[in-house]
Amino acid sequence: MTDQQSLPPGEASPVSGVLRSEAEDPRQAWRRVTTWLEQHRPVVFDALGGPGTEAAISEAEARMGVKLPREMRQWLLVNDIDAGRRPEVRSPLVALGCQDVLPSGGLLLGLTDIERVYRHKMDTEEMQPSPDPEHPSWRKEWVPVSAETDGHYGIFLNTRTGTVGSWSRSSDPEEHEYPSLFAFFQDVADHLEGVSSGDCSGPGRARRLDPRHEDSPVRVWARTNGFLVNDRGRIPASVRQAYEDSL
């Protein structure tokens with residue numbers, strides 16, 4: 001673990017162009033997470049590994065063919081969970097991730113697992129293209145932050161917009177669950193510390209999108225008729241069309 005330096009006040013994010021203050025630096029939110037873990041779950045804290053390196057990040061970017069935004073690079077330079085480790089032969093997709101960090105479940109990923117999951121999701125979309133081209137199961141600009149061992153569920157960062165979303169095997173991916181990596185780690189820290197994250201008034205606080213009220217009848221109809229849909233997120237076009245055809 002190493003200490004972090006804040007972004008200069010007023011520095012613009014290379015992803016969104018939005019001015020970010022010191023308080024919005026993702027390393028500040030991550031520090032809340034690591035401070036709590038060090039005090040209450042030292043074993044998990046130790047499993048976070050040491051700092052990452054610019055060389056390792058650049059090499060992973062080249063292999064994936066995607067440029068990581070500054071916010072993600074800053075976080076990985078503080079903690080790269082894999083820290084150069086390599087998975088054993090026949091290991092699961094997520095082989096080195098850290099458990100018991102995220103209240104929502106899933107393993108927090110280091111560079112090795114980020115690359116493994118990313119390549120797996122890209123290969124799957126290429127071999128089995130989504131039926132709706134406008135809403136593929138995976139996009140090139142999505143980079144995983146956490147995932148289950150088998151990769152069926154996880155959290156991703158959109159490298160173009162800087163927002164954080166999620167994917168699940170049973171439903172379409174959901175974008176814009178958090179406005180930034182900072183907001184995501186703030187929410188994680190809030191849950192670890194036992195603080196409610198319902199107040200979204202502060203700068204950079206997590207803002208989980210509520211389900212649209214007009215979608216409620218569609219979800220009820222879908223479940224009644226054997227379709228699998230989540231409580232939140234985009235309803236698949238095929239399900240929405242079936243609902244409209246039933247009216």
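# Salt bridges, a hairpin pair and a small cavity

Reader: Start with Asp113. Buried or exposed?

Author: Asp113 is buried, as its relative accessible area is 0% and the cut-off for buried is under 20%. Keep in mind that this is a predicted model.

Reader: Which residue does Asp113 meet in a salt bridge?

Author: Arg116. The N to O distance between their side chains is 3.8 Å. Both residues sit in helix 5, 3 residues apart, or about one turn of the helix.

Reader: And Arg116, how accessible is that one?

Author: Arg116 has a relative accessible area of 27%, so it counts as partly exposed. Elsewhere, salt bridges with shared partners tie Glu54, Glu61, Lys67 and Arg73 into one network.

Reader: Take a pair from that network. What is the distance between Glu61 and Lys67?

Author: Their closest N and O atoms are 3.7 Å apart, and the two form a salt bridge. Glu61 is buried, at 7% relative accessible area. Lys67 is exposed, at 58%.

Reader: What about Arg63? Which residue does its side chain meet?

Author: Glu115, in a salt bridge of 2.8 Å, N to O. This pair links distant parts of the chain: Arg63 belongs to helix 3 (residues 54-64) and Glu115 to helix 5 (residues 111-127), 52 residues apart. Arg63 is partly exposed at 41%, whereas Glu115 is buried at 11%.

Reader: How many salt bridges in the whole structure?

Author: The search finds 8.

Reader: Arg73 came up in the network. Where is it, and is it buried or exposed?

Author: Arg73 is in helix 4, and it is buried. Other buried residues of that helix include Glu71, Met72 and Trp75.

Reader: Why call helix 4 enclosed?

Author: Because 7 of its 9 residues are buried, helix 4 (residues 70-78) is largely enclosed by the rest of the structure.

Reader: New topic. How many cavities of 30 Å³ or more?

Author: There are 2. The second largest has a volume of about 30 Å³.

Reader: Which residues line the second largest one?

Author: Pro69, Glu71, Leu157, Gly162, Ser180 and Leu181. By class, the lining has 3 nonpolar, 2 polar and 1 charged residues.

Reader: Gly162 again. Where does it sit in the fold?

Author: Gly162 is in the hairpin of strand 5 and strand 6, which has 5 residues between the strands. Its phi is positive, near 80°.

Reader: How do those two strands run, and how many bridges join them?

Author: Antiparallel, with 5 bridges between strand 5 (residues 153-158) and strand 6. One partner pair is Gly154 with Trp167 of strand 6.

Reader: And how many bridges join strand 6 to strand 7?

Author: 3 bridges, and the strands run antiparallel here too. Strand 7 covers residues 171-178. The hairpin joining strand 6 to strand 7 has 2 residues. Ser168 stands opposite Ser171 of strand 7.

Reader: How much of strand 6 is buried?

Author: 4 of its 5 residues (164-168) are buried, and the strand is mostly covered.

Reader: Last one. Asp187: where is it, and in which helix?

Author: Asp187 lies in helix 6 (residues 181-193). Its relative accessible area is 7%, so it is buried.

Reader: How far is Asp187 from Pro103?

Author: The C-alpha to C-alpha distance is 9.4 Å, with 84 residues separating the two in sequence.

Methods. Residues are numbered from 1 along each chain as its sequence is written. This is a predicted model: local features need pLDDT of at least 70, side-chain atom pairs count only at pLDDT 80 or more; totals for chains, interfaces and linings use all residues. Side-chain values use heavy atoms; hydrogens and water are left out. Buried means under 20% relative accessible area, exposed over 50%, partly exposed in between (1.4 Å probe, protein chains only). Two strands pair if DSSP finds at least two bridges between them. On a 1 Å grid over the protein atoms alone, a cavity is a set of points where a 1.4 Å probe fits but cannot get out, and a pocket is an open set with protein on both sides within 12 Å along at least five of seven lines; lining residues have an atom within 4 Å of a point. Grid points are joined across faces, edges and corners, and a volume is the space filled by probe spheres set on the points. Ala, Val, Leu, Ile, Met, Phe, Trp, Tyr, Cys and Pro count as nonpolar, Asp, Glu, Lys and Arg as charged, and the others, Gly among them, as polar. A salt bridge is a side-chain nitrogen of Lys or Arg within 4 Å of a carboxyl oxygen of Asp or Glu.
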